[in-house]
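Biologist: I am new to this structure and would like to go through it slowly, one topic at a time. Could you put it on the screen, so that I can ask as we look?

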Amino acid sequence: MIELFRNPNYNFIGNRKWAYIVSLAITLIGLGSLAVRGLNYDIDFTGGTLIQVRFEQPPTVANIRAGLSRIKLGESIIQQFGDPREFIIRVPLTSVTSQELGKQVEAALGQEAPLGKFEIRRVEFVGPQVGKELQWQAVQAVLFGLIGILLYIAWRFDLKGGVAAVIAVFHDVIVCLGAIAFTGREFSLPVLAALLTIIGYSVNDTIVAYDRLRENRGKFSQKGKSFAEQMNDAVNQTLSRTILTALTTFLSAAILLFFGGKTLEDFAFVLFIGVITGTYSTTYVAAALVVDWTQYVEGRLRRRKKAVAKA
Amino acid sequence: MPRRIWFRLGLVALVLAVSLWYLYPPQKSINLGLDLQGGIHLVLGVDVDKYVASQTERAAEDLKNGLERKGVGVKRVARDGLSTIVVELASATNWNDALTVAAEFGTFEVGQRDDKAGRFTLVMRQRQVAQLRDDAVRQGVETIRNRIDQFGVAEATITRQGDDRILIQLPGVQDPERAKALIGKTALLEFKLLDEQTTPEQAQAGRLPETSELLYQRRVDKETKAERKQPYVVQKRTLLTGAELTRAEVQADPNSPGNWQVAIEFTATGARIFGDVTEQNVGRHLAIILDGNLYSAPRINERIPGGRAVITGQFTVDEARDLAIVLRAGALPAPVSILEERTVGPSLGADSIRQGMIAIIGSAAAVFVFMLLYYRISGAIADVALALNLIILLACMAAFGATLTLPGIAGIALTIGMAVDTNILIFERIREELRVGKTVRSAIEAGFARALRTVIDTHLTVMVTAAILYNFGTGPVKGFAVSLFVGLAASLFTAYFFTRLLFDVIYVGRRKVQSISI
């Protein structure tokens, strides 16, 4: 039998002060990179046109740009997309309709002799209205996702757990967004989907720990233990499951990231980061916050009782 | 063996059988998204306000005629804004007669009135406005479906989206530009007389009578691709529209070799109007106008009976064919604009499938091997459950007619990762129970029982997020949400119920089980 941990008893909760500093630091780094670099929205959200072209011979960006400047689109964003022969051209919203734009680009690139033969493989156009709506829908999806989770946990466990879980998830979202901004990736619809998946994953983890805590309550082994110790036991008891699940999910995400092709890359990247931070935040954000919150409430109750006894 | 084990085995066999039935034959059972097989995804916005305005305009015209028939002199009857008609009488003496005529327009109600000045407004009722907006989109969907059917695209979906949008998905279309031109064309065919009192030069200088308008004939030189615009002054009044058309056929243009024309035939009513118009206007020019572009303005030499005409315009055979299609299918009630468009070439789709499949097989294989190495026989049980999960998931997608998109494939890969979570949770629990010295049988019992709560909680929360994703997402994200949701539902069945069943069959049935491979 292979075992990662045999009756682990690490002092996770006891070290939470340090963890708070780490969490705060990475959240700030995440926010900082968001503030400095900003989110690079995909045309899904900004509106615009995306044209994917595959050339027979690897072209240079300069040649493509020269071709595009024939129709005054030299300022477009030109990016290599996976294969060296594959390129993506992003054109901001113009007055020209996508229909004409696709044709114009095809004609302009055709006139640029050094480019050789090519094939237009994908044209995506998102109008300004749709882009704005999608932005709003994205915000709504994340918000409602968080509210749904908060309500579910508050119902199954308690409000403290719900709030702490949502804070943990929020932390994960910031870290993932920060990572996207930091690596200069685009915030696209698939990235949004990955973000929501991570929300689900992170909460999943948190619930497993909460469930264990609740189950242990009233058990003989837990008698005389403080709430912090009880939480620490729950985290330790679910530790091997946490690590194993994180490993398998991490494995899935890694394979998608490295072999899923360029289209899935950003999606997989968010999952990749999210699994790490989601696993971390369960213990060091959600569980830790519940412990401190409970201790704070208990402390106040005790003081009030003392005050009543004195009087 | 415990009771009901045969019943449970039967249930699993039934689910498996139904799943396989839905999945056979695999090429036909699962819809591939446009990102995988190539095609066009279009969202059109219908200019519903324009439709309301044009209906108001038409009512104003009718009202004016009605008033004149009653002998009520009018100074002005005109549309104002979207749904208001302003009426100014020549004198206030006919006030009551005018109101009687106006009362016949039941979809309007009188707004402001000033009986001394002989001026009142008619406002379209809100219910009628809403009805018209709805009609515009509904008819638009019908017309576009008609056009696409005639164009010949298999498995096209044309659906209404929201209040004023139409979603069109055309899988496997080879020539997207042509398809888009066909769909987006309003195709309003009008016959109007040329205004022969005003020259185009006068009109361009701004001396245009109120009843006339300036239109252009566009000709593209086939060699130089240069566009030439020839101006014409045309009377505003429409004599006949494409609504009265029964047939439209492509013909070779006898006067211009290599070019094609469209021959049209009117309905009985259309033919009568056409006959009258040509009879009354012999010697004048009749302009044939499509979507505001003048195609030709032949001279009327004599009365044309039988209701036949041709539209010439130096068309290629494809252009002529598409024009015939849009004329047959009818005009769109209101102009449409492209709000969103995604065109994927077939070669890119094939690449996506290949890479997606490599990724999903790779990640599934990695998880399979991991479980086998770590949990041995129990791992093998989990793997069997995982395989069943994949079969059910794909079968559900086939049964619901859901579309498999690239993000959908990613969703499946992710489901695999998360489905084993349930098994890991249960197996770790069983190990724990064994560690405290329980027998194999009671460890299995306790492991499954204790894990149940957590399993349900974790599945429900992720399903909540998947449902929210489905509600707010569009296109590809929806596909992801569907496969995630279905995958999790299937995982409850396979990773918990089915794994339990296999454990019961292997371990619990026997009298003495000394060890368990976990």
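Biologist: To begin in chain B, how many bridges join strand S15 to strand S16?

Modeller: Please keep in mind throughout that this is a predicted model. In chain B, strand S15 covers residues 286–290 and strand S16 covers residues 293–296, and the two run antiparallel. One bridge partnership sets Ile289(B) against Leu294(B) in S16(B). The number of bridges that join S15(B) to S16(B) is three.

Biologist: Which residue in the hairpin of S15(B) and S16(B) takes a positive phi?

Modeller: The hairpin has two residues between its strands. A positive phi, near 50°, is taken there by Asp291(B).

Biologist: Which helix packs on the open sheet that three strands of chain B form in the order S13-S14-S17?

Modeller: The pairing in this sheet is antiparallel, and its edge strands are S13 (245–252) and S17 (308–315) of chain B, each of which pairs on one side only. Neighbouring strands are turned by 20° against each other on average, with direction ignored. The helix that packs on the sheet touches S13, S14 and S17 of chain B and has a direction at about 175° to that of S13(B); it spans residues 317–329 of chain B and is helix H10.

Biologist: Within that sheet, which residue is the bridge partner of Val262(B) in S17(B)?

Modeller: Strand S14 of chain B takes in residues 260–266 and pairs with S17(B) in the antiparallel sense, over five bridges. In S17(B), the partner of Val262(B) is Ile311(B).

Biologist: There is also an open sheet of eight strands; which strands stand at its edges?

Modeller: The order of this antiparallel sheet is S3(A)-S4(A)-S2(A)-S5(A)-S18(B)-S2(B)-S8(B)-S7(B). Each edge strand has a single partner strand, so one side of each is left without a neighbour in the sheet. These edge strands are S3 (77–81) of chain A and S7 (157–161) of chain B.

Biologist: In S8(B), which residue is the bridge partner of His41(B)?

Modeller: Strand S2 of chain B (residues 39–46) is joined to strand S8 of chain B (residues 165–171) by seven bridges, and the two run antiparallel. The partner of His41(B) in S8(B) is Gln169(B).

Biologist: At about what angle to S18(B) does H5(A) run?

Modeller: H5(A) lies across S5 of chain A together with S2 and strand S18 (336–344) of chain B. The angle at which H5(A) runs to S18(B) is about 70°.

Biologist: Where the chains touch, which element supplies the largest share of the side of chain A that touches chain B?

Modeller: In this contact, 57 residues of chain A meet 54 residues of chain B. Among the elements of chain A that each supply at least two residues are helix H4 (98–111), strand S5 (118–126) and helix H7 (189–216). The largest share, 14 residues, comes from H7(A).

Biologist: How far apart do the C-alpha centres of domain 1 and domain 2 of chain A lie?

Modeller: The domain assignment gives domain 1 as 13–41 + 131–310 and domain 2 as 48–126. For chain A, the radius of gyration is 25 Å, where a compact globule of 311 residues would have one near 19 Å. The C-alpha centres of the two domains of chain A lie apart by 42 Å.

Biologist: Which residues touch the most other members of the largest nonpolar core?

Modeller: This core has 212 residues. Leaving aside neighbours within four places in sequence, Val270(A) is in contact with residues including Cys176(A), Ile180(A) and Leu195(A). The residues that touch the most other members are Cys176(A), Leu195(A), Val270(A) and Leu327(B).

Technical notes:
Residues numbered from 1 in each chain as written. Chains lettered and ligands numbered in written order. Predicted model: local features only at pLDDT ≥ 70, side-chain atom pairs only at ≥ 80, totals over all residues. Core = buried A, V, L, I, M, F, W, Y, C linked by C-beta atoms within 7 Å. Buried ≥ 20, exposed ≤ 12 C-beta atoms within 10 Å, placed from the backbone. Contact = placed C-beta atoms within 7 Å. Rg over C-alpha atoms; globule rule 2.2 N^0.38 Å. Pairing = 2+ DSSP bridges. Helix = DSSP H or I, 4+ residues; strand = E, 2+ residues; numbered from the N terminus. Axes fitted to C-alpha atoms, helices over the stretch in contact; angles between N-to-C directions. Domains from an automatic or database assignment.
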